[in-house]
Amino acid sequence: MSPEEILSRLCPVVQEVFQDKFLMVTETLSMNEVPAWDSINHMTLIIAVEQMFKIQFSLTELVKVESIGDLMALIAAKETSS
């Protein structure tokens, strides 16, 4: 799956989790830029992504996610390893 395809699938999920339908979801979007991106919404986002892409992240992987780009890289890595 291309980065563009991953991002297009992530966009509505991110907007829903952070309850902001106008949020511009890009690879560079980080935790520091989204006030709603707290620890609880981080886990909500991870769970939604795992369900959408039918993958699972380890705890070590989860703590490294600080941006949409980080999340996209993990998804791409999981997609190629399966």
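This report walks through the helices, a few side-chain pairings and some unusual backbone angles of the structure above.

## Before you start

What you're looking at is a predicted model, where local features need pLDDT of at least 70, side-chain atom pairs count only at pLDDT 80 or more, and totals for chains, interfaces and linings use all residues. Residues are numbered from 1 along each chain as its sequence is written, and side-chain values use heavy atoms, with hydrogens and water left out.

Helix names such as α2 come from DSSP runs (H or I, at least four residues), numbered from the N terminus.

## Helix α2

Let's begin with α2. Its 15 residues should span 21 Å at 1.5 Å a residue, and the end C-alpha atoms are indeed 21 Å apart. The expected span here is 1.5 Å times one less than the number of residues.

Which residues of α2 are buried? They are Asn41, His42, Leu45, Ile46, Val49, Glu50 and Phe53. Buried means under 20% relative accessible area, exposed means over 50%, and partly exposed is in between, using a 1.4 Å probe and protein chains only. The cover over these α2 residues includes α1, α3 and α4.

Take His42, which sits in α2. His42 is buried because its relative accessible area is 8%. Leaving out residues up to four places away in sequence, His42 touches Met31, Trp37, Leu62 and Val65; a contact means heavy atoms within 4.5 Å.

The N-terminal end of α2 has a cap: a side-chain oxygen of Asp38 lies 3.3 Å from the backbone nitrogen of Ile40. That's a polar contact, meaning a pair of N or O atoms within 3.5 Å; within protein, one must be able to donate a hydrogen and the other to accept it, and residues adjacent in sequence count only if both atoms are side-chain atoms.

## Helix α4

Now for α4, which covers residues 68-81. This helix has 14 residues and reaches 20 Å from its first C-alpha to its last, close to the 20 Å expected. Its buried residues are Ile68, Gly69, Leu71, Met72, Leu74, Ile75 and Lys78. What do the buried residues of α4 pack against? Their partners are α1 (3-17), α2 (39-53) and α3 (59-64).

The start of α4 has a polar contact too: a side-chain oxygen of Ser67 comes to within 3.3 Å of the backbone nitrogen of Gly69.

## Two neighbours in α1

Gln15 lies in helix α1, and so does Glu16. Buried or exposed? Gln15 counts as buried, because its relative accessibility is 18%, while Glu16 counts as exposed at 64%.

Gln15 touches Asp20, Lys21, Phe22, Leu23 and Val25, again leaving out residues up to four places away in sequence. As for Glu16, its C-alpha is separated by 9.8 Å from that of Ala48, which is 32 residues apart from it along the chain.

## Charges and rings

How many salt bridges does the structure hold? Just one, where a salt bridge is a side-chain nitrogen of Lys or Arg within 4 Å of a carboxyl oxygen of Asp or Glu. The side chains of Glu61 and Lys78 form it, at 3.2 Å, N to O. Glu61 lies in α3 and Lys78 in α4, so the pair ties together parts that are 17 residues apart in sequence.

There's one aromatic pair as well. Phe18 and Trp37 make up this tilted pair, with 5.2 Å from centre to centre and 35° between the planes. Both lie in the loop between α1 and α2, 19 residues apart. The rule is that rings of Phe, Tyr and Trp (its six-membered ring) pair if their centres lie within 6.5 Å; planes under 30 degrees apart are stacked, over 60 edge-to-face, and the rest tilted. Phe18 counts as buried at 6% relative accessibility, and Trp37 is buried at 6% too.

Finally, the charged end of Arg9 sits over the ring of Phe53, 4.4 Å from its centre. That label needs NZ of Lys or CZ of Arg within 6 Å of the ring centre and within 35 degrees of the ring normal.

## Two positive phi angles

Most residues other than glycine have a negative phi. Gln19, in the loop between α1 and α2, has a positive phi near 50°. Lys54 isn't a glycine either, yet its phi is positive at about 55°. Lys54 comes just after α2, in the loop between α2 and α3. Gln19 counts as exposed at 74% relative accessibility, and Lys54 is exposed with a relative accessible area of 72%.
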